[in-house]
Amino acid sequence: MLILTELGQRLRQERENKGMSLEDLQKNTKIQKRYLIGIEEGNYDVMPGKFYVRAFIKQYCEAVGLNPDDIFDQYKTDIPTTQTDDIPQPLSRVRSRKEIPQNTKASKAADYLPTILVVAGVLVVGIIIWVIAQNIVSGRQEDQAANTEQTNNEVQQSEEQQASNEDQAAKEAIEKEKAEKEKAAKEDEEKKDEEKEETKQAYKEVQKSGRNGTYELSGTDEFKLEVSSTQADTWLDVKNGKGNSFYNAMLKNGETKEFDFTKESEVRVNIGFSPGVQLKINGQDVSLPFDANQQVRQVVTIKYEQEKAQ
């Protein structure tokens, strides 16, 4: 039974925190599931080579939102280092036939070749034996060369597919990063607009008496009111300055009512149970006139003068 390394535990925990399965991660990174399992279990023997171990760990980190450089530095004892022979020079998908170590039997035959030549010069029989032996070795080398070529072709196809997947994953990562930056820039712009709007809007207390509080709203060209109940049901009565009713009923716990009073000059909000009731004007939180624990029922009157466009 394999014991997870600290790095494997860290990566798997980060993946699970993101709510990602191994299948999700395989889809996002294009890395085969068995290699992802090998990374989490610290079983790097299943990888094609040390170079791929580091490359796959880097893609894993990026997919779950970790900084690869920080991970490599923190867990450098858990990650195998690459050597020069991990990446052939010049860089190639498949080694040439000359770079592939020759079969041990062929090497031994080459070692004994001088002896065979001496014997061949003395004995005709030795020459015949040598010729036969060479024919046998040649046949084996041809078979080995054919097998090697087939293996190389399979490795090349596999590596080309892996390279294609890595290129696609890199392209998707760049596009995702670009989209996130654009989204962040848009959110920053919207936040600045909201802050600018909040800076202009003024909500000023005018008078408080008994359970009644009067406020003036200015500096804005709209008057949108939200009333939310967050603790319990409360009776709610909302009228304008002329006594016309906009709402007169129970406001359920967790319920929110929205009103557009832009065309009204005065609004009266009668709250039966103020604890847990939240008021917002144009998306901005505003306080009730009194402490809800001391004054359960409260009446809020809001006088509004619409700001004219410049």
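**Close-up views of a predicted model**

Of the 310 residues of the protein, 27% count as buried. The model shown here is predicted, and its secondary structure comes to 7 helices and 10 strands. If you look at contacts between residues at least 6 apart in sequence, 63% of them join residues at least 24 apart. The views below take a few spots one at a time.

**View 1. R15 and E40 join helix 1 to helix 3.**
The structure holds 11 salt bridges, and here is one of them: the side chains of R15 and E40 meet with N and O 2.7 Å apart. The pair links distant parts of the chain, with R15 in helix 1 (residues 6–17) and E40 in helix 3 (residues 33–41), 25 residues apart. Are these two charged partners buried or exposed? R15 counts as buried because its relative accessibility is 8%, under the 20% cut-off. E40 is buried too, at a relative accessible area of 5%. Leaving aside residues up to four places away in sequence, R15 touches M20, S21, L22, L25, E40, Y60 and V64. So there's plenty to look for around this one side chain, E40 and Y60 being among the residues that R15 touches.

**View 2. K33 reaches E23 in a salt bridge.**
Stay with helix 3 and find K33, which forms a salt bridge with E23; their closest N and O atoms are 2.6 Å apart. This pair also links distant parts of the chain: K33 sits in helix 3 and E23 in helix 2 (residues 22–29), 10 residues apart. How accessible are the two partners? K33 is partly exposed, with a relative accessible area of 30%, and E23 counts as partly exposed at 42% relative accessibility.

**View 3. K30 has a positive phi in the loop between helix 2 and helix 3.**
K30 lies in the loop between helix 2 and helix 3. Have a look at its backbone: phi is positive, about 65 degrees, although K30 is not a glycine. K30 is partly exposed, its relative accessible area being 29%.

**View 4. Helix 4 has the length you'd expect.**
Helix 4 covers residues 50–63, which makes 14 residues. What span should it have at 1.5 Å a residue? The expected value is 20 Å, and the end C-alpha atoms are 20 Å apart, so the two agree. The buried residues of helix 4 are Y52, V53, F56, I57, Q59, Y60 and C61. To make sense of such a list, remember that an α-helix has 3.6 residues a turn, so residues three or four places apart point the same way. R54 is found in helix 4 as well, but R54 is partly exposed, with a relative accessible area of 27%. The C-alpha atoms of R54 and Y44 are separated by 10.0 Å, and the two residues are 10 apart along the chain. After helix 4 comes G65, whose phi is positive, near 85 degrees.

**View 5. Helix 1 packs against helix 4.**
The two helices pack at an angle of about 35 degrees, and their axes are 10 Å apart. Their crossing is left-handed. Which residues make the contact? From helix 1 come L7, L11, R12 and R15, and from helix 4 come I57, Y60 and C61. Sorted by class, the contact has 5 nonpolar, no polar and 2 charged residues. You've met some of these already: R15 is the buried partner of E40 in View 1, while I57, Y60 and C61 are among the buried residues of helix 4.

**View 6. K303 and E266 tie strand 10 to strand 7.**
Now move on to the strands, where the side chains of K303 and E266 meet in a salt bridge (2.9 Å, N to O). K303 belongs to strand 10 (residues 298–304) and E266 to strand 7 (residues 266–271), so the pair links distant parts of the chain, 37 residues apart. K303 counts as partly exposed at 36% relative accessibility, and E266 is partly exposed as well, with a relative accessible area of 26%.

**View 7. N282 has a positive phi between two strands.**
N282 lies in the loop between strand 8 (277–281) and strand 9 (284–286). Phi of N282 is near 55 degrees, a positive value in a residue other than glycine.

Technical notes: Residues numbered from 1 in each chain as written. Predicted model: local features only at pLDDT ≥ 70, side-chain atom pairs only at ≥ 80, totals over all residues. Heavy atoms only, no water. Salt bridge = Lys/Arg side-chain N within 4 Å of Asp/Glu carboxyl O. Helix = DSSP H or I, 4+ residues; strand = E, 2+ residues; numbered from the N terminus. Buried < 20%, exposed > 50% of the residue type's maximum accessible area, 1.4 Å probe, protein only. Expected span 1.5 Å × (residues − 1). Axes fitted to C-alpha atoms, helices over the stretch in contact; angles between N-to-C directions. Left-handed = near helix turned anticlockwise from the far one by under 90°. Contact = heavy atoms within 4.5 Å. Nonpolar A, V, L, I, M, F, W, Y, C, P; charged D, E, K, R; others polar.
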